[in-house]
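Student: Please take one part of this model and go through it closely. Then show me what lies around it.

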Amino acid sequence: MSEATATTIHADVQEVLLTEDQIQARVAELGAQLNADFAGLEPVLISVLKGSIVFLADLVRSMELPLSIDIMEVSSYGAATETSGQVRILKDLSNPIEGRHVIVVEDIIDTGLTLNYLLRYLREKGPASLRICCLLDKPARRLTEIPIDYVGFTIPDRFVVGYGLDYGERYRNLPYVGVLRPSVYGLDNPEA
Amino acid sequence: MALLSETLPPRFAHDSEAELARVLDFYQVSWRYEPDVFPISWSPAGAVIESFAPDFYLPELELYVELTTLRQALVRKKNRKLRLLRQLYPEVRVKLLYARDFRALMVKYGRLAFLLEMNGANGNGANGNGAPGHGANGKAAAR
């Protein structure tokens with residue numbers, strides 16, 4: 001962690017898990033890997049709002065391929081007023097993906113439930129290929145067996161914010177990924 | 001195998017199980033509640049003396065899920081049963097969700113209010129000391 005980052009840690013952040021420099025370096029590596037793997041192709045990168053937009057913005061700027069971007073948003077459990085509902089597409093694709101090489105760009109994969117739903121939805125659209133690129137992988141929480149093609153970082157089972165990730169819509173603009181203090185979300189001792 | 005919303009809900013042993021069923025329903029993951037019982041120890045005469053029935057089976061994911069909201073210090077017995085299950089049935093995939101895992105899930109989905117209610121109703125301490133702490137603001141982490 002650089003000194004510059006250390007001096008600007010948000011008061012609600014317990015510790016910095018990934019510095020801005022670490023993230024930028026890894027995103028550049030992922031971009032280079034995608035450049036190589038999709039050489040000669042014109043993939044479409046699908047970002048899932050809201051957490052992944054920061055990652056997407058940096059990732060595409062590290063890629064030299066001709067590519068396109070599309071955005072989706074799906075409802076989240078608990079965010080709906082009624083928890084008895086079902087996941088819904090709040091923002092659908094703007095363009096068809098049939099025959100296209102698709103890269104789903106995710107900020108974090110933990111349980112995999114959202115991604116599991118999304119992949120089923122996207123497969124029905126007939127893409128030529130469907131790959132997953134996530135910045136953060138939290139395998140300890142996984143309920144679904146989803147092969148992730150590109151992983152930025154595998155992280156421990158902590159509640160993280162920053163670099164697009166929020167808690168209650170806050171902290172998305174932090175340039176690093178940090179562990180949120182449990183007291184912020186009302187648990188003083190999350191390990192108890 | 002069905003989504004909860006499409007059938008009569010089973011009689012869940014714990015509110016946390018009902019909540020997990022709602023989460024699975026929300027994400028359209030089919031589940032069965034305690035569909036299978038796995039014998040894990042036998043008497044010398046061959047009678048089953050101990051068995052393990054995981055709370056959920058998710059057929060599309062071929063995964064059993066056992067949810068425990070017991071305090072971490074009290075899950076030793078369940079860990080032992082799970083270890084036996086894995087030894088005897090290595091082909092069976094089981095995910096054990098501890099209290100801290102369930103709590104993290106609720107935090108992620110902004111369901112701290114549910115944790116508070118669950119504690120009040122069941123008194124078995126989502127965070128191990130009978131209260132989920134202060135500041136439960138119910139905000140969803142809309143990741």
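Tutor: What follows starts with one helix of chain B, moves to its sheet and loops, and ends with chain A.

First, the ground rules. This is a predicted model, in which local features need pLDDT of at least 70, side-chain atom pairs count only at pLDDT 80 or more, and totals for chains, interfaces and linings use all residues. Residues are numbered from 1 along each chain as its sequence is written, while chains are lettered from A and ligands numbered from 1 in the order in which they are written.

Now the helix. Helix α2 of chain B covers residues 76–88, 13 residues in total. Helices here are DSSP runs of H or I with at least four residues, strands are runs of E with at least two, and both are numbered from the N terminus. From first C-alpha to last, α2(B) reaches 18 Å, close to the 18 Å expected at 1.5 Å a residue. The expected span is 1.5 Å times one less than the number of residues.

Which residues of α2(B) are buried? They are B:Lys81, B:Leu82 and B:Leu85. Buried means that 20 or more other C-beta atoms lie within 10 Å of the residue's own; exposed means 12 or fewer, and partly exposed is in between, with C-beta atoms placed from the backbone. Down the axis of α2(B), the buried residues fall within an arc of 100°, so they line one face of the helix. The arc is that of the directions from the helix axis to the C-beta atoms. An α-helix has 3.6 residues a turn, so residues three or four places apart point the same way. The face turned away from the buried side carries exposed residues: B:Arg76, B:Asn79, B:Arg83 and B:Gln87.

What covers the buried side? The cover includes β2 (38–42), β3 (48–52), β5 and β6 of chain B. Contact means C-beta atoms, placed from the backbone, within 7 Å.

Two of these strands, β5 and β6, lead to a sheet. The sheet is open, has four strands in the order β1-β4-β5-β6 of chain B, and its pairing is mixed. Its edges are β1 (32–33) and β6 (94–97), each pairing on one side only. Two strands pair if DSSP finds at least two bridges between them. Strand β5 (residues 63–67) runs parallel to β6(B), and four bridges join them. Across that pair, B:Tyr64 stands opposite B:Val94.

Next, the loops beside the sheet strands. B:Glu62 sits between β4 (56–58) and β5 of chain B. B:Glu62 has a positive phi of about 50°, although it is not a glycine. It counts as exposed because it has 11 C-beta neighbours inside 10 Å. B:Gln28 lies in the loop between α1 (15–26) and β1 of chain B. Its phi is also positive, near 60°. With 15 C-beta neighbours inside 10 Å, B:Gln28 counts as partly exposed. Most residues other than glycine have a negative phi, and most peptide bonds are trans.

Finally, the link to chain A. B:Tyr27 touches A:Tyr77, A:Val87, A:Leu113, A:Thr114, A:Asn116 and A:Tyr117, leaving aside residues up to four places away in sequence. Chain A itself has four helices and nine strands. A cis peptide bond joins A:Leu49 and A:Lys50, with omega about 0°. A:Lys50 lies in the loop between β2 (44–48) and α3 (53–61) of chain A.

Key: Two residues are in contact if their C-beta atoms, placed from the backbone, lie within 7 Å.
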